[in-house]
Amino acid sequence: MKITKEEVLHVAHLARLDIDDADIDRFSGQIGTILDYVDTLRQVDTTGIAATSHAVNLTNAFREDRVQDHLGQEASLANAPEKDDGTFVVPKVL
Amino acid sequence: MKLHELTIEQACGLLNNKEISSVELTRAVLARIEAVDGKIDAYLTVDADGALVQAQAADHRLSTGEATPLTGIPLGIKDLMCTRGLRTTCASKILEDFVPPYDATVITRLKNAGAVIVGKLNMDEFAMGSTTEHSAFQVTRNPWHLDRIPGGSSGGSAAAVAADMCLGALGSDTGGSIRQPASHCGVVGIKPTYGRVSRFGLVAFASSLDQIGPLGKTVADTAIMLEAIAGHDPNDSTSVPEPVPNFSAISGDGLADVVVGIPKTYSSARGLDPQVGAAVERAVKTIESLGARCIDISLPHSDHAVAAYYVIAPCEASSNLARYDGVKYGFRDKAPTDLLQMYRRTRSQGFGSEVQRRIILGTYALSAGYYDAYYGKASQIRTLIKNDFQNAFASCDVIVSPVAPTPAYPIGETIDDPLTMYLSDIFTLSANLAGIPGISVPCGFSDDGLPIGLQIMGRHFNEAMLFKVARQFERAIAIKHKKPPL
C-alpha cells in the first residue's frame with residue numbers, strides 16, 4: 001500500500017476532516033493508485049530546472065493605497081452561521 | 001422563429017432592430033428551461049423574476065441606443081462565480097445557502113454590458129471533476145444522449161448552451177473544465193490565457209491554474225462574451241494589464257499565413273478513441289484546405305502533464321479550501337463540543353468525497369518530508385511543459401489536438417475510479433500548466449451521434465489567433481446548426 005491507513009488518518013487530521021473507517025480504506029486505496037501514477041514523475045531528470053508556480057509571472061502588482069468602498073459589517077456577517085453583536089460566534093476553543 | 005435557438009450574434013441584430021425585445025427573448029429562454037431542464041438538470045438556480053427585471057432594463061437601454069452586443073442577452077453562469085444576492089453554491093453542501101454580498105468582476109462586467117443573468121449552472125463540486133456527477137445536488141445529463149455525462153466540471157454550462165436554455169454561459173477551466181464539456185456537448189468553449197480574465201469573485205480551486213471563460217453556440221458568440229469579461233482588474237493581482245483586442249471583429253479570409261503544429265504524440269496517446277482520432281485528422285485536412293501549413297511538432301514532456309497536474313492542483317486546492325471552516329459563512333455542524341470538532345465535522349459533512357480525496361492528496365503531498373518529492377518535482381516539470389510549448393510556438397502559430405480522448409461516456413462509469421477520470425484530461429491540462437489559451441470547437445460526431453471537439457491552442461494572449469482559425473474552421477465544416485434531439 002502506497003499510503004497507509006495511519007497516514008490517511010494523520011493527513012485527515014491535518015486537513016481537519018473526520019473520515020469514517022469505510023472512507024479510510026477507500027481513500028488509501030484510491031490515493032495509493034494515484035500516487036503510484038504520480039511517481040512516474042521521478043523518471044524525469046529535473047536537475048537544475050527552476051520551479052514554475054505561476055505560468056504568467058507578474059511581480060509587484062501594486063495599486064494605489066486609497067480608501068475605497070468595502071463591505072460593511074452587516075454584509076460581512078450576513079452569511080455567518082452564528083453571530084452576536086457584530087461578531088462571529090464559535091464554540092469554546094479550550 | 002424559435003427565440004431560444006438564436007445565437008448571441010443573431011439575437012443582438014434582432015434586438016437592435018427592435019424586431020424582438022429582451023423581455024420576449026428572456027421569456028422564451030425561461031420557457032425552454034421549464035420545458036427541457038427536467039430532463040437535463042443543468043440549472044441549480046433559475047432567477048426568473050430577476051432575469052425579467054434585467055430584461056426590462058435592457059429593453060430601456062436598447063431604446064436609448066446605448067447598447068452593447070450583450071445588452072438584453074440571457075446568459076447562464078457556472079455556480080462558482082459570486083452573484084450578489086443570488087445563491088452561489090459551488091455545487092457543494094458547504095455553500096448550499098451562501099448568498100454572496102458582492103459580484104465577481106466578470107458578473108459586474110456582464111451587468112455593465114446589459115446582459116441578463118438567467119441563473120446558476122451545475123458543476124462538479126468546487127470544479128473538481130470531469131463529469132458533473134460530483135455535484136452535491138444533481139447529475140447533469142448530456143443533451144445529445146441523456147445517459148451520458150455532459151463532461152465537467154462546467155457540465156451545466158455546456159449542457160445549457162447545447163439545449164438552448166441560455167444563449168451563452170460562463171464556465172471556468174482549471175484542467176479542461178470549459179473545453180472538455182464544450183466538446184462533449186457540441187458547443188464552443190474557450191479557456192483564455194491565465195491572467196486574461198479577473199478571478200475576483202471566482203471561488204478558488206487551484207489559483208495558479210483557474211481561469212474563467214465563455215461557452216457559446218458559435219465561435220463568434222464566445223468572442224463577444226470574452227471581449228466583455230476580459231481585461232485587467234486591480235482586485236486580482238494575477239490579472240494582466242494587456243490590452244483586449246476586438247475579438248468579435250476577427251475573421252479574415254483563409255488561413256494562408258497560419259502555421260499549425262500537430263503534436264506527434266497525440267495519435268498514440270493512451271485511450272484515444274479511433275473515432276476521435278479520425279475526426280481530428282479530418283479537421284486537420286479541412287484546416288489545410290483553408291490554406292494553413294501543417295507541421296509536426298514535439299511536446300516531449302506532455303506524457304507527464306497529468307501526473308504533474310494531479311499534484312499541483314490538489315496541493316493548491318487543499319490550501320484554498322482551508323477557508324471552509326464553518327465560522328464566517330456556509331454550512332456548520334449543529335452541535336460541536338469544541339472548535340476543533342466543529343471544524344472537522346463541518347468539513348467532513350460539508351464536502352463530498354471527490355473534494356475530500358483531493359484535500360487529502362494535496363495535504364499529503366505538501367506535508368513534511370514529501371514536499372520536494374511531489375510539489376517541488378511537479379513544479380519543475382511544469383517548467384519543462386511550459387518550455388515545450390514555447391519551443392513549439394517558435395515554429396507554429398497554433399497547436400491542434402483532440403479535446404477529450406473519447407466522446408462522452410456513460411454516467412457512472414468513472415465514479416469510483418478517479419485515476420481514469422483524471423486521465424481523460426490528458427489533452428487539456430497542459431494548457432493550464434503552461435497558462436496558454438485553448439479553444440474547443442465542434443468538429444464532428446461519433447457513430448452514436450455524440451459530438452467531438454477539436455482543440456486549438458495558442459501563444460500567451462493570442463486568443464485572436466484561436467478565434468481566427470476556429471471561426472474559419474467552423475464556417476468550413478458547417479455543422480453548427482445541428483441540434484440535440486430533445
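Start by selecting Arg471(B) and Glu9(B): in this predicted model, the two form a salt bridge whose closest N and O atoms are 3.4 Å apart. Arg471(B) sits in helix 15 (residues 463-477) of chain B and Glu9(B) in helix 1 (residues 8-16) of chain B, so the pair ties together parts that are 462 residues apart in sequence. Switch on a surface and check each partner. Arg471(B) counts as buried, at 15% relative accessibility, while Glu9(B) is partly exposed at 40%.

Stay on helix 15 and pick Lys468(B). Its salt bridge goes to Asp257(B), with 3.3 Å between the closest N and O atoms. This is another link between distant parts of the chain: Asp257(B) is in the loop between helix 7 and strand 7 (259-263) of chain B, 211 residues away from Lys468(B). Is Lys468(B) buried or exposed? At 17% relative accessibility, Lys468(B) counts as buried, but Asp257(B), at 55%, counts as exposed. For a small group, select Asp164(B), Lys217(B) and Lys483(B), which salt bridges with shared partners join into one network.

Now highlight helix 7 (residues 219-229) of chain B. How many of its 11 residues are buried? Nine are, so you can call this helix mostly covered. Among the buried ones are Val219(B), Asp221(B), Met225(B) and Ile229(B). Step just past the end of the helix and you reach Gly231(B), which takes a positive phi of about 125°.

Next stop, the inside. The largest nonpolar core has 179 residues, and those with the most contacts within it are Met81(B), Phe126(B), Leu454(B) and Ile456(B). Helix 9 (residues 305-320) of chain B gives this core its largest share, 11 residues. In soluble globular proteins, nonpolar side chains tend to be buried together. Click on Phe126(B) and show what surrounds this residue: leaving aside neighbours within four places in sequence, its contacts include Cys90(B), Ile94(B), Val203(B), Phe205(B), Tyr324(B) and Phe351(B).

From Ile456(B), hop to a residue in contact with it, Pro437(B). Pro437(B) lies in the loop between helix 14 (429-434) and strand 10 (438-445) of chain B, and at 0% relative accessibility it counts as buried. Beyond four places in sequence, Pro437(B) also touches Lys191(B), Pro192(B), His460(B) and Leu466(B), among others. Try the distance tool from here to Ile385(B): the C-alpha atoms are 14 Å apart, with the two positions 52 residues apart in sequence.

Another loop is worth a click. Ser302(B) is placed between strand 8 (293-297) and helix 9 of chain B. Ser302(B) is buried, at 18% relative accessible area, and touches Thr265(B) and Asp388(B), not counting neighbours within four places in sequence.

Finally, bring chain A into view. Its contact with chain B takes 53 residues from chain A and 73 from chain B. The area buried between the chains is about 5,400 Å², with 67% of that from carbon and sulfur atoms. Select Tyr37(A), Leu41(A) and Asn79(A): they supply 13% of the area that chain A buries against chain B, more than any other three residues.

How many salt bridges does the rule find across this interface? There are two. In one salt bridge, Arg344(B) pairs with Asp18(A), the closest N and O atoms being 3.0 Å apart. To round things off, color helix 1 (5-14) and helix 2 (21-38) of chain A, the elements that give two or more residues to the side touching chain B. Helix 2 gives the largest share of that side, nine residues.

Methods. Residues are numbered from 1 along each chain as its sequence is written. Chains are lettered from A and ligands numbered from 1 in the order in which they are written. This is a predicted model: local features need pLDDT of at least 70, side-chain atom pairs count only at pLDDT 80 or more; totals for chains, interfaces and linings use all residues. Side-chain values use heavy atoms; hydrogens and water are left out. Contact means heavy atoms within 4.5 Å. Buried area is the accessible area (1.4 Å probe) that two parts lose on being put together, summed over both. A salt bridge is a side-chain nitrogen of Lys or Arg within 4 Å of a carboxyl oxygen of Asp or Glu. Helices (H or I, at least four residues) and strands (E, at least two) are DSSP runs, numbered from the N terminus. A nonpolar core is a set of buried Ala, Val, Leu, Ile, Met, Phe, Trp, Tyr and Cys residues joined through side-chain atoms within 4.5 Å. Buried means under 20% relative accessible area, exposed over 50%, partly exposed in between (1.4 Å probe, protein chains only).
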